[in-house]
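Please open the model in a viewer and keep the sequence at hand. The tour below proceeds by selection, with each stop followed by a description of what is found there.

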Amino acid sequence: MTAPGAGWRRADGPSAQRREKRRRRRGDGRPGGEVAMVEEAEFTSYYGRPIIKPPVWKTPDVPLYLFLGGAAGSSSILGALADLTDRPALTRNARLVSGGAAVASVVFLIHDLGRPERFLHMLRVIKPTSPLSIGSYILAPFSAAAGATAAVEALGWFPRLKRFGGAVAALFGGPLATYTGVLFSNTAVPSWHAAHRELPFVFGASGMAAGGGLTMALTPVEEAGPSRKMAVAGAVIELATMRRVENDLGIVSEPYHEGKAGTLLRAARSCTAAGAALTVVAGRRRAGAVVAGALLAAGSLLTRFGVFEAGMASARDPKYTVVPQRERLAARENGQVAQNGHAPTITR
Amino acid sequence: MTSISSASPAFTGRDPENRLYGPLPDVQGEAGYDADHPARVGFFTDTSVCIGCKACEVACKEWNTLPMDDAHGTRDVIGLSGMSYDNTGQLGANSWRHVAFIEQSRTVDLPMPTFGRPGDARQDSGRSVTDGPNDESLATAQQSSVLNAEGLSEFDPQTGQSGADKQIRWLMSSDVCKHCTHAGCLDVCPTGALFRTEFGTVVVQGDICNGCGYCVPSCPYGVIEQRKGDGRVFKCTMCYDRLTDGLQPACATACPTQSIQFGNLDELQARADARLATLQEQGVETARLYGRDEDDGVGGAGAFFLLLDEPEVYGLPPDPVVTTRDLPAMWKSAAAAAAMIVGVAVSAVLGSRKPR
């Protein structure tokens, strides 16, 4: 058997030593019952340096933007439907939440730019291959419509214009809450890209939990039935989809469990589950609705921060770039041997 | 080249013209240039003749007036990386060429046959050098004087053997932006600051970039980076300004060993294939081309390499894939999730009792 590279090994290096240490700590330190989810993988790197560049997106700007966008998107839909079914208090609160969150999210997004004064360059071209371009064309009309609707709602002017603005916002609300999943997963960041089918659902569901929770907390309980239902459905879908992201992606699921991301996501799960349970049990009482709504919003916020941190961690460690790509190469090689044909193209 | 459709492949999921992924014979044509555009150019970096002099790095910094930084991208700091002779550390906003440096060792017996000294008539090739009378005298000679030629050769990492059973080699490779056929950075740029030139290269327009940073994590090679204190992103332009004046890029001009070769991509590919065949004939079994295959995850690179070890040893991803390959699936997922929100909201409203 020939070793890859004809037996050549890095003469010495800090990363090799660090890896060694990590393995030892895992092997001895774990109590008997606990089993490492993924075996510590062997891999080579250039002095342990990351291969891809970690995102330069700032925290808390970007996770906050995701949270606010999700809450704004789902509550705008709720507001438009409540308007159609004659629930004035819910309509008003959903519009205020949606408009406030939309305007705040735009502020955070612009603040995150390296050249904030050039934010209008986002609308120079339209590119379907760029989720940020499409997202700008979702966010711009949404925030204009939702912000204007909330403003006239607060001032009490033009009732018919309000309905129109609310409807426009609701049209863009769903895409606004879910495109951010595409925004994250359409990168080379291993733990985000591998979750590219799940993240839009995670963010959409998390947005429903937040939007439902916030409007539930603000609205009299007899009108807040739709909020409660949407919040609970969102929380359940979020928990179920996050479970898949955290367990089914092989080695790139690891960053969702470890370090800062692991802590944030565990807290998010607790908040979301407690909020959903409390909504079912005590959502029809004012105090219960307020506490449950706050818990759901906190869970949604923590989910965004946790997913953000997990991606950052996976980008910083070359392991998560090299090992899955090596596995892919090995799988392709095996397939090639089996087919006995020419090199198969890479498929999903 | 088939005609260019304005319909986006991203929403259909079918991509018969390989606009998102796969080989693309005419990358400039796909980007909208007329048929009389110049030939696609590129770099062939032959690391087997790189001597690690870093003339490419210096020439690049000088020509493009790149600011000084240390191995972690901190501006205006002179720093030693502390890991090797490589103090550039990485490709980034301020380093558009990066000479990687790796010191490796291997045991001589396995898996390659050992090399005896000239004149040694050895029957058993696997035998250790310290066995036998001949080798004993060598050891004695080494002990008596480290200043003789044989003793000195031990301290030359390129050729020497430290101990009887170990060999040392240095790998040096000048890394650069790959100018991918399917460039993730270019695909995701929301402002159009990144564009495909008539030479098939990928360039950032500094007056358009608004520093959104989306290209940074979208590059599967970690090339493009935001410059701290400036906010915009920067990367290798393959000296677009020089190309338009009929000159070669600064790095290729400065390279003293022709490790960096610039030219039309198809010519470079033929040259690289011939070079690989020569090396393999000479028994360099670990030589391989990286980025040459247009069936790879980025549709082949405009700047490709001849490497002497696995890509990740040099800090390169072993199987990079342009992230937008999966974009149709992502958009579908986002549309389904948006529909889910509307569905949940409608059923939540309809399923709730009307107040009053």
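Begin with strand S10 of chain B, residues 303-307, where five of the five residues are buried, so that the strand counts as mostly covered. The model is a predicted one. In a regular strand the side chains alternate between the two faces of the sheet. Display the side chains of S10(B) accordingly: B:Ala303, B:Phe305 and B:Leu307 lie on one side, B:Phe304 and B:Leu306 lie on the other, and all of them are buried. Both faces of S10(B) are thus covered.

Next, add the strands that pair with S10(B). Select residues 41-46 of chain B, strand S1, which pairs with S10(B) in the parallel sense over four bridges. Within this pairing, B:Phe44 stands opposite B:Phe304. Then select residues 288-290 of chain B, strand S9, which runs antiparallel to S10(B) and is joined to S10(B) by three bridges. Here B:Leu289 is found opposite B:Leu306.

**A sheet formed across the two chains**

Which strands make up the open sheet with the order S1(A)-S2(B)-S3(B)? Select S1(A), S2(B) and S3(B), the three strands of this sheet, whose pairing is antiparallel. Strand S1 of chain A (9-10) and strand S3 of chain B (166-176) stand at the edges; each has a single partner strand, so one side of each is left without a neighbour in the sheet.

Focus on the junction between the chains. S1(A) and strand S2 of chain B, residues 97-107, pair in the antiparallel sense over two bridges. A:Arg9 stands opposite B:Ser105 in S2(B), and the bridge partner of A:Arg10 is B:Gln104. Now show helix H2 of chain B, residues 55-64, which packs on the sheet and touches S2 and S3 of chain B. The direction of H2(B) makes about 165° with that of S2(B).

Remain with S2(B) and colour the strand by burial: eight of its 11 residues are buried, and S2(B) is mostly covered. The pairing of S2(B) with S3(B) is antiparallel and extends over 11 bridges. To inspect one of its partner pairs, select B:Arg97 and its bridge partner in S3(B), B:Val176.

**A helix pair between the chains**

Select helix H8 of chain A, residues 225-247, and helix H10 of chain B, residues 327-350. They pack at an angle of about 140°, with their axes 8 Å apart. H8(A) and H10(B) are therefore oblique to each other, the angle for roughly antiparallel being over 145 degrees. The crossing of H8(A) past H10(B) is right-handed.

Show side chains at the contact: A:Pro226, A:Lys229, A:Met230 and A:Ala233 from H8(A) meet B:Val344, B:Ala345, B:Ala348 and B:Val349 from H10(B). By class, the residues of this contact comprise seven nonpolar, no polar and one charged.

**The whole interface**

Finally, extend the selection to the full contact, which takes 86 residues from chain A and 79 residues from chain B. On the side of chain A that touches chain B, at least two residues each are supplied by S1, H2 (61-84), H4 (131-155), H5 (159-185), H7 (199-218), H8 and H11 (319-339) of chain A. The largest share, eight residues, comes from H5(A). Coloured by class, this side of chain A shows 43 nonpolar, 27 polar and 16 charged residues.

Conventions
Residues numbered from 1 in each chain as written. Chains lettered and ligands numbered in written order. Predicted model: local features only at pLDDT ≥ 70, side-chain atom pairs only at ≥ 80, totals over all residues. Buried ≥ 20, exposed ≤ 12 C-beta atoms within 10 Å, placed from the backbone. Pairing = 2+ DSSP bridges. Contact = placed C-beta atoms within 7 Å. Axes fitted to C-alpha atoms, helices over the stretch in contact; angles between N-to-C directions. Parallel < 35°, antiparallel > 145°, perpendicular 65-115°, else oblique. Left-handed = near helix turned anticlockwise from the far one by under 90°. Nonpolar A, V, L, I, M, F, W, Y, C, P; charged D, E, K, R; others polar.
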